[in-house]
Amino acid sequence: MTGPLPPRLERELRSVVGADHVITDPDRLMVYESDGLTAYRVAPRAVVLPASTEEVSEVVRLLHGADIEIVPRGAGTGLSGGALPTPDGVIVGTARMNKILSIDAADRLALVQPGVVNARLTEATRPHGLYYAPDPSSQSTCTLGGNVAENSGGPHCLKYGVTSRYVTGLTVVMAGGEVVRLGGAGHEASGELDLVGLFVGSEGCFGIATEIEVRLLPLTEGVRTLLGIFDTMEAAGHAVTSIIGSGLMPAAVEIIDKATIEAVEASIFAAGYPTDAGAALVIEFDGTEAGLDADADRAERCCLREGAREVRRASSETERAALWKGRKKAFGAMGRIAPDLLVQDATVPRTRLPEVLAEISRIGERYGLKIANVFHAGDGNLHPNLLFDRTDAEELARVEKASHEIMSLCVAVGGTITGEHGVGVDKRGYMGLVHDEVELDMLRRVRRVFDPGGLFNPGKVVPDAVDAGALPEVSEVAS
Amino acid sequence: MAQAYEAQRERLLPCVHCGFCLPACPTYNRLGDEADSPRGRLHLMGAVVEGRLDPASDAFQTHIDRCLGCRACEPVCPSGVEYGALLELARATATEARPPGVLTRGLLALMGRPLLRKPFLLSGRILRATGLAALATRVIPSRGPLASVRLALAMLDATRPWSPEAAEGRRTSESRAVPRRDRALSPGDAPPNRGRVGVMLGCVQAGLYSRVNEATVRTLEANGYEVVTVAGQDCCGALHAHAGRLDGARALAENNIVAFERAGVDFIAANAAGCGAAMKDYDVLFEADAAMSARAAASSERVRDVTELLASAGPRPGAEVRLSVAYDHPCHLLHAQGVSGPPISVLEAVPGVEVRVIVDADECCGGAGIYGLTHPDLGARIGGDKVAAVRAASAQVACTANPGCMMQIGAGLRLEGSSQAVVHPVEVLDESYRRAGFYH
Amino acid sequence: MIAAQPLSDLLPPEALASVDSSPLFGGRPPEAIVRPASVEEVAALLSWASREGVGVLTMASGHRVAPVTREGRFVALRMDRLNAIEAYEAADLTITAGAGAPFSSVTRALGENDQWAPFDPADVAARSLGGLVAAGESGPLRMGYGELRNHVLGARVVTGDGRTLDLGGRVVKNVAGFDVLKAVVGSRGGLAAITSVCLRAFPRPEVDRVLVRTEPTVRAAAGLALAVGTAPVLPASCVVVDRLSERGERAALVVRLHGSRATVDEEQVRMERHVGVPFEVVGDVGTGADAASSESTRRLLEGVRDHVKSDGTVVVASVRPSRLPRLLEVVDRLGPLALSCDAYTGLVRVEADPERITELDLLRRDVIALDGAIRQERISSTAMRGSADPLSPHDDRRDASAAGRTALARRLETAFDPAGALWPART
Ligand SMILES: Cc1cc2nc3c(=O)[nH]c(=O)nc-3n(C[C@H](O)[C@H](O)[C@H](O)COP(=O)(O)OP(=O)(O)OC[C@H]3O[C@@H](n4cnc5c(N)ncnc54)[C@H](O)[C@@H]3O)c2cc1C
Ligand SMILES: Cc1cc2nc3c(=O)[nH]c(=O)nc-3n(C[C@H](O)[C@H](O)[C@H](O)COP(=O)(O)OP(=O)(O)OC[C@H]3O[C@@H](n4cnc5c(N)ncnc54)[C@H](O)[C@@H]3O)c2cc1C
Ligand code: SF4
Ligand code: SF4
């Protein structure tokens, strides 16, 4: 059922969260029709913004009672349409649940509400000499609830690992409104199944995380950043393999390809990378000051041995920012050269990077599309950016075909269809590339373990037979 | 309208909907509704341009109106979306579709016409001088129909001149060595000539903060600038542009462009961040006007915040003023002009001054023109947080580089019963120079 | 009714070991010991078992097996023939091997390229890869390297009803869909039989420095361990043992620092400054270290790792690290014969005095009061008799959501193993 909520339900919701925090005006709801993936637009029936676990529980109970679908939403920066509304559904947003509940410096733990912005947790813990390690490029805005749901990674996750390594406990509101506490520091010995590990990465399909307990790390003392400029992507790829293979443990290794360098340098964000370079590599080491220079020297030698034409090194924070600039501004720069941007996400074994990138550029040529690559090379986590204009339906169709080929390619070399952005709606169609029907069925069963009625984020991740078609195809909405 | 839509369409394109601007936005942070976030507002603008949303709708009107215009969303945007320019266009669309409330209209009428503005500001000065404003602030209840009046009067009272000695915790000396209106007379080693400067006097400054204008002139001269009087200048037009009255803004802007051209200055110094930001954007205002665009661009090129001019000259140090200063960044300096260092350099140039940048200094104080009057609840929440941060810095004076913010923060302090002075950085420098005897 | 199908119809004779050769299983032998050589055979066995209502006890090397306290038919599934190193991509830092491969053989293969898998739970050397993953214990090295579950990149598993699933993959970020693999890691054979595992490998650190500080009591050593835990460095591991024979049977804190020599030197200084006491450098393991001292250091490390003897009555308990001193008081009532404690996770393992294991239920209350958990992990064969599934997990928190948690776990088991074929099933 679509359309306005039953008046009584609306009243009850308002009495739970406060009248201002239930949005039902269709004009206002328009604002929620997309997340970070704008190729899709679906307006929800309502948006509810609770402020506490109790309120979430009550809201979910009411919606469950009325058999209304629920789409959790954090900052809406997801790139796979995870927070895309369903036409029959209500968005439960965490924007007001933005408190850091406690910081336990002795045990290096923090307890936060899900709407806390990733970077803010690090800011708040820095005075204790601690920080929160996973650093998605969107960390200045994405929420920890979204990070948990997507099991987000980031440039420095090469050394430090992704979100799941840091989440020790969760409070979750389940489909009927029941509140369940999963895991929790100090419960190692319980020997129970790892429900926290299973919940992390569940893309809003299992329930709503309302409290998140995370591990913090001691602040690193020093950092060295290198920028290697290469004539070819191939050489840069080999340098990555050589650095990792030499036993070094860089904190981050990021690749920026030729197309991206051109885009950045042509934009208002020019970072001073040579425009005729074939690829640039940002390599970073962090940790105890002693030893960093030696690591940087070794990495530099690896780059030069693989044919780097130049290796720049930053020793101050300003210089470091300058070296990172081309990486950090790539997304915005691309936003300026094309009306629409599809940020793809896939992983391949690191050693296969050069051949995969070469093939991706051939795919781009074949479909007449501009594809720029900027990504977490150390993890083999690719982000091909497909530039297009969504008002051009024919171009959009080519984007879809090219995406499909890229995904098939990554799977064929032993990789998978998503590294950190999740499946959401965008990748549902590719799930068949990595999972057979038995596995897909297993994923459905696991989802029903948490949400027997299929209330949370229906149609995302694994399409049920009944759900298929619940969400419009990309070309439909965009045309 | 078609033209306004076209201008918006172009500027909306770079927005990739990434949401990086959300946490920078004071209204989103407090309300949690994406419609009150920059991305949400841009989305609504897009919907209007695409013809999916009626500009007269409550959604468009409310959320565009609720924007502080603080432009904190601009520097964080990876795509360089020109939010400020878009907001003005959106406000134009919104006012066209539905005329604004009487309060806004009245104020704009007032500011746009010197003949009305001058007596209004004069009556304000009288209220302030008689102490009536301060008294009324104390007697009018904080809730109820007169709350807005109370706020307005507190703002007025906040504009009173400060006493540096009192702020330092000393007794006020009987006679001030220099009459405040004196010009800077540079002693012995005359500083190099750094160029010819016309000071944008502004309407609120000229009316209520003449002392800031005077200090601006003196400190610039003391640093080697040749300051000339620019006759015929008027309100910068920012209030009009922010309210969507782009034609009104253009009329004022054109007048100013002409006036400063005639004065033949190298720099136009603004000491109100709002005016400076507006004048630096004259080029955008006239981008579609073939006749004016080049002149507007040349004019924008010349605009500097007074602290930029002072900082690029050093500024030369004066005598000691022993003060701790709680500094807050004005949005229209930090976000709109990207100026953060110079005001602090100006303060730090004064021996004895200890600058404490307050917590969340990059967030709007809620002043935003008459925001506190048009959005009392939200304005009070935003303002309340700012005042709390100022007080937490426990400094002797509060300081910011924009009269609007000085008024807003001062009013917030007054309403909480604090009489802490709120000053402009040039006032502190000026005091230091006065003590150093630069003005003899 | 369909007639019962004999196993010999399904599996080749090599896959069926004779039963009488095994003195295991707490006195009640299984109907058969199945030693499959392929995932297909495992699948055939499990679907047969689900159909026939026969229990399957999965074991890896067969080194150690759960006691059979349940009624009913059952077979033992041994993974020891699935022991090949299937793929080792040194440049990608991944290794894939059969579940029955001894962990020691995985370590050996990695060592050829100066790589390793940094997991050090007790007896790791004697474990199978599948058993290690099924047990889900990372050991104290998780302080520096993170949990095992995050480094199990992929696994091929067969569910209780015989469905074969490829979970995860062979790349570091490997999850498309829900992270079902995380639930299998640590499920102790309760969800699925693991047939092969892809692990993330790590380059060996240039220097593995082992530092020891002896103290008169465990409590004192634990106090220092907590101080290490707040130092501005992140050691690879930080363990307390109640006795270290090499150091005159005194309690000891053992800290490992990994990295380049310069880093390790600096971190040692910093840690000692923070903690306020000097440590004894037992030695460096790794390139450049002198071979003899390296060997004796390695032996000391193994002693620490396997300090809590594997054949006793083992109890594990955990609290947040800052509450360790209080937990140590509590477990003291078990009259520990041996105790070790991972200061990073707040996990304590004790070999309890079998006479005093009856105290366990009393201790439970105190541990719950500390918001911790306690569970019997191993039981000596004498103590085992008569007790019903003493090793089932105990999540003792009696908070409002305990029922919800249990329900989730049970539903998850049903999703994997609808017929409940996998033993030991939980009560
Ligand atoms: C420019 C840019 C760069 C990015 N870089 C990275 C990167 O480096 N690494 C990376 O991993 N990702 C990256 N992302 C993707 C995105 O930022 C992450 O997926 C992020 O974790 C999403 O957080 P969010 O708060 O925006 O969640 P949303 O987008 O609002 O939601 C994401 C999913 O989480 C669910 N969800 C949200 N909150 C909860 C909750 N409390 N409980 C249960 N489910 C919930 C939603 O239903 C949805 O399925 C990037 C995105 C952008 C725009
Ligand atoms: C009664 C009892 C007595 C014990 N006694 C001892 C003892 O005396 N000494 C000792 O060291 N340990 C003992 N244990 C503990 C247990 O065996 C350890 O976890 C062991 O160290 C793991 O070694 P392994 O690799 O050989 O796995 P196993 O011992 O074979 O199995 C360990 C666990 O993992 C599961 N498992 C193993 N392989 C797989 C697979 N491929 N797929 C799915 N699940 C699998 C098993 O079902 C079991 O639950 C005992 C346990 C029980 C129940
Ligand atoms: S940060 Fe910029 S590009 Fe991103 S949503 Fe906001 S305005 Fe759009
Ligand atoms: S100008 Fe200020 S209030 Fe308006 S959208 Fe931008 S950040 Fe928010």
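Visitor: How many residues surround ligand 1?

Guide: In this predicted model, a residue is taken to be near the ligand if one of its heavy atoms lies within 4 Å of it. The closest residues are A:Pro72, A:Gly74, A:Thr77, A:Ser138 and A:Thr143. The number of residues that surround ligand 1 is 36.

Visitor: Why is the site of ligand 1 shared between chains, and which chains are they?

Guide: Within chain A, domain 1 (1-219 + 426-479) and domain 3 (338-422) each give at least three residues to the shell. The site is nevertheless shared between chains, because the residues that surround ligand 1 come from chains A and B.

Visitor: Which element supplies the largest share of the shell around ligand 1?

Guide: Strand 3 (70-73), helix 5 (144-150) and strand 10 (208-215) of chain A each contribute at least two residues to the shell. The largest share amounts to five residues, and the element that supplies them is helix 5 of chain A.

Visitor: Which residue has a polar backbone atom 2.9 Å from a nitrogen atom of ligand 1?

Guide: Oxygen atoms of ligand 1 are approached by polar side-chain atoms, with A:Ser138 at 2.6 Å and A:Asn147 at 2.8 Å. For the nitrogen atom, the polar backbone atom at 2.9 Å belongs to A:Gly153.

Visitor: How much of the accessible area of ligand 1 does the protein cover?

Guide: The shell that surrounds the ligand has 13 nonpolar, 19 polar and four charged residues. On its own, ligand 1 has 970 Å² of accessible area, and the part of this that the protein covers is 98%.

Technical notes
Residues numbered from 1 in each chain as written. Chains lettered and ligands numbered in written order. Predicted model: local features only at pLDDT ≥ 70, side-chain atom pairs only at ≥ 80, totals over all residues. Heavy atoms only, no water. Polar contact = N/O pair within 3.5 Å; in protein donor to acceptor, adjacent residues only side chain to side chain. Areas by Shrake-Rupley, 256 points an atom, 1.4 Å probe, with all protein chains shown as cover. Helix = DSSP H or I, 4+ residues; strand = E, 2+ residues; numbered from the N terminus. Nonpolar A, V, L, I, M, F, W, Y, C, P; charged D, E, K, R; others polar. Domains from an automatic or database assignment.
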